[in-house]
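Here are a few exercises to try with the model open beside you. Have a go at each one before you read its solution.

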Amino acid sequence: MENREDHPVYGEPQTLYGLSASPGIISARILVLKRRTHRAAWRQLPAEEVEQEVLRFRNAVVKAESELRQLRKTFADDLADALSIIDSHILMLKDQMIIDRTVEIIREKEINAEWALAKALGRIKKKFDAIADPYIKQRYADVKYVADRVFGLLAGREDDFLANIHAPVIVVGHDFSPEDTLRMQKENILGFLTEVGGMTSHTAIVARSLAIPAVVGLENVTQSCATGDRVILDGFSGRVYLNPTRNQLEQYREYDRQHRTFSEDLALYIHLNSETLDGHKVCLAGNIERIEEVQSVLRYGAEGIGLFRSEFDFFNRDHVPSEEQLTDIYSELITTLSPMPVTIRTLDVGGDKFTSHLADSSLRLDLERNPALGLRSIRYSLREPALFRIQLRALLRASVYGRLRILLPMISSLSELHRVKGILKTMMQQLAHENVPFNPEVEVGIMIEVPSAVVMADTLASEVDFFSIGTNDLIQYSLAIDRNNQYVAHMYEPFHPAVLRMIKQTVDAGHSRGIEVSMCGEMAGDVVSAPVLLGLGLDELSMRPSAVPHVRRILRGSDYRQLVELGHAVLGCTDGGEVRNFLTRYLPARYPEEFGCQ
Ligand code: PEP
Ligand code: MG
């Protein structure tokens, strides 16, 4: 889609560079939406009006909550990512730091609710500003979205700026909340561009789960274009072609045509086996986070769950779940998919996950200076053994309903694994003593996501039933690249030879001890890396369920011996760029329909 020497169709052509937040390419006219600012006027209240003001504030909070609940109801349950974000916003409307603090300020200072809320927000912002981690910093945006909703209600404004859009458009604004984004699906909105935001912003996550193409982080985009301008939004590269040229529009139409046929063809691969032309079988499984997503595992033909991120059940609710509640969730999951395997990972909190969670004090982690290297994941579980024991008991109790695989995250040494196994053994003894049924042979595996685990993989392999490589973290820890830091994001290289060699070393160590090696990092669902990973010998690739048909199509079009040769070839490269250059030549020649050799 790069600029060509041809003539513009509309105004002066221009390419804007942002961050790709949600994939897809679309072309349409834009609608620029003005930034919603809620300026709070200061009002000193007579003492007798203070309680009335508190009531006015509380009513606005109640209304905000009921609006969010209403919105939530209008969307299908399988939009799990998006819905869990709304849930977290609903929880924020009960948060002490926002709500109780505002009430305190109204009473203490005898001032109006808008001003008090702005003050409470100012304090929260200061706390977030003091945090170095850019991912956690971004979570302030969520607090702001929630507060903006309450501001709007206090001002008596029905700020429904997305309603009444009658023609299909791409909307452009300073920022959109995750809730705005959810509503876009129901309105005539094809995609969006914003001035702020990042890949991991909640707005981006919602856009991806609704498949609404989006580019964010386009500084001053509301100034550089005007309502009615035509753009091509390329959500893959993060580029926006303002006033595209004829050639650019033609290329876009051709892409659109190919893409439609391609998606229809892919549906055929939902029900086929996962095997190569020469009969080598692998398992293509799904990664999910909430039980509601189990339907998508079935819908896209995944052969089980390779990663259930169990932490979501701990956070998107008012209380820490009980053993009974967890047993119910796990049992339902396992029963629904039986006899397919269900891999449930034990709690992986800390690091980039939920440290800004404001609602549940019992799980609130202290903000650490270096969270990715701190008290996260299995380290947290070992430090909070009461919680860990509840989860292990629930897993064991659910293990009788089908094929459960318990996955332990972030194991970095043998002694750590021994400690976990010790606790698991005690839980088994307890249940046996209580005459509660469980499967004593339940499979136990570990995530390989820390370099020390790769180096020790042969030793660790003798102690577990399977490995699952977590490349999202393995890349971050081996290349010393914070996976959420936009300044070093360009150095986050899955094809770095160090990463590829670690994958191979792990596969070989696992196979030499007779255990299966899976991968559940994002890389596993990427069609460019899938042939390489298959060639490195992985037994299972686990990915977002919707990616399964495409990866299966590649697998079924492959010859295993050629994949192994490909694996050898990339292992011979000495730099990530060299691997990519090699693949740029190899893939279109070997898989012309997939990688477009037109
Ligand atoms: C990984 O690290 O690759 C992984 C799958 O786990 P998460 O993304 O949940 O850290
Ligand atoms: Mg991980």
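A polar contact is a pair of N or O atoms within 3.5 Å. Keep in mind that this is a predicted model.

**Exercise 1.** Work out which atoms of Arg309, Gly470 and Thr471 approach an oxygen atom of ligand 1.

*Solution.* Start with Gly470: one of its backbone N or O atoms sits 3.3 Å from a ligand 1 oxygen. Move on to Thr471, where again a backbone N or O atom is involved, at 3.1 Å from an oxygen atom of the ligand. Arg309 uses its side chain instead, with a polar atom 2.7 Å from an oxygen atom of ligand 1. Now look at the cover: on its own, ligand 1 exposes 290 Å², and the protein buries 99% of that.

**Exercise 2.** Describe who makes up the shell around ligand 1.

*Solution.* First, pick out the nearest neighbours: of the 15 residues around the ligand, these are Arg309, Arg345, Gly470, Asn472 and Arg483. Next, sort the shell by class, which gives eight charged, four polar and three nonpolar residues. Then ask about the elements: S10 and H19 are the ones giving two or more residues. H19 supplies the largest share, three residues.

**Exercise 3.** Find out how covered helix H19 is, and what its buried residues pack against.

*Solution.* H19 spans residues 471-479, and eight of its nine residues are buried. The buried set runs Thr471, Asn472, Asp473, Leu474, Ile475, Gln476, Tyr477 and Leu479. As for partners, these residues pack against strands S10 (305-309), S13 (443-448), S14 (466-469) and S15 (516-519), plus helices H17 (451-455) and H20 (497-512). Just past the helix comes Ala480, with a positive phi near 55°.

**Exercise 4.** Decide whether Glu323 is buried or exposed, and list its side-chain polar contacts.

*Solution.* Place the residue first: Glu323 lies in helix H13 (residues 323-337). Its relative accessibility is 17%, so Glu323 counts as buried, given that the cut-off is under 20%. Setting aside neighbours within four places in sequence, Glu323 touches Ile390, Arg393, Ala394 and Arg397. The side chain of Glu323 makes a polar contact of 2.8 Å with that of Arg393, and another of 2.7 Å with the side chain of Arg397.

**Exercise 5.** How many disulfides does the structure hold, and are Cys520 and Cys573 buried or exposed?

*Solution.* The disulfide count is zero. Cys520 is buried, at a relative accessible area of 2%. Cys573 is buried too, at 5%.

Methods:
Residues numbered from 1 in each chain as written. Chains lettered and ligands numbered in written order. Predicted model: local features only at pLDDT ≥ 70, side-chain atom pairs only at ≥ 80, totals over all residues. Heavy atoms only, no water. Disulfide = S-S within 2.5 Å. Buried < 20%, exposed > 50% of the residue type's maximum accessible area, 1.4 Å probe, protein only. Helix = DSSP H or I, 4+ residues; strand = E, 2+ residues; numbered from the N terminus. Contact = heavy atoms within 4.5 Å. Near = heavy atom within 4 Å. Polar contact = N/O pair within 3.5 Å; in protein donor to acceptor, adjacent residues only side chain to side chain. Areas by Shrake-Rupley, 256 points an atom, 1.4 Å probe, with all protein chains shown as cover. Nonpolar A, V, L, I, M, F, W, Y, C, P; charged D, E, K, R; others polar.
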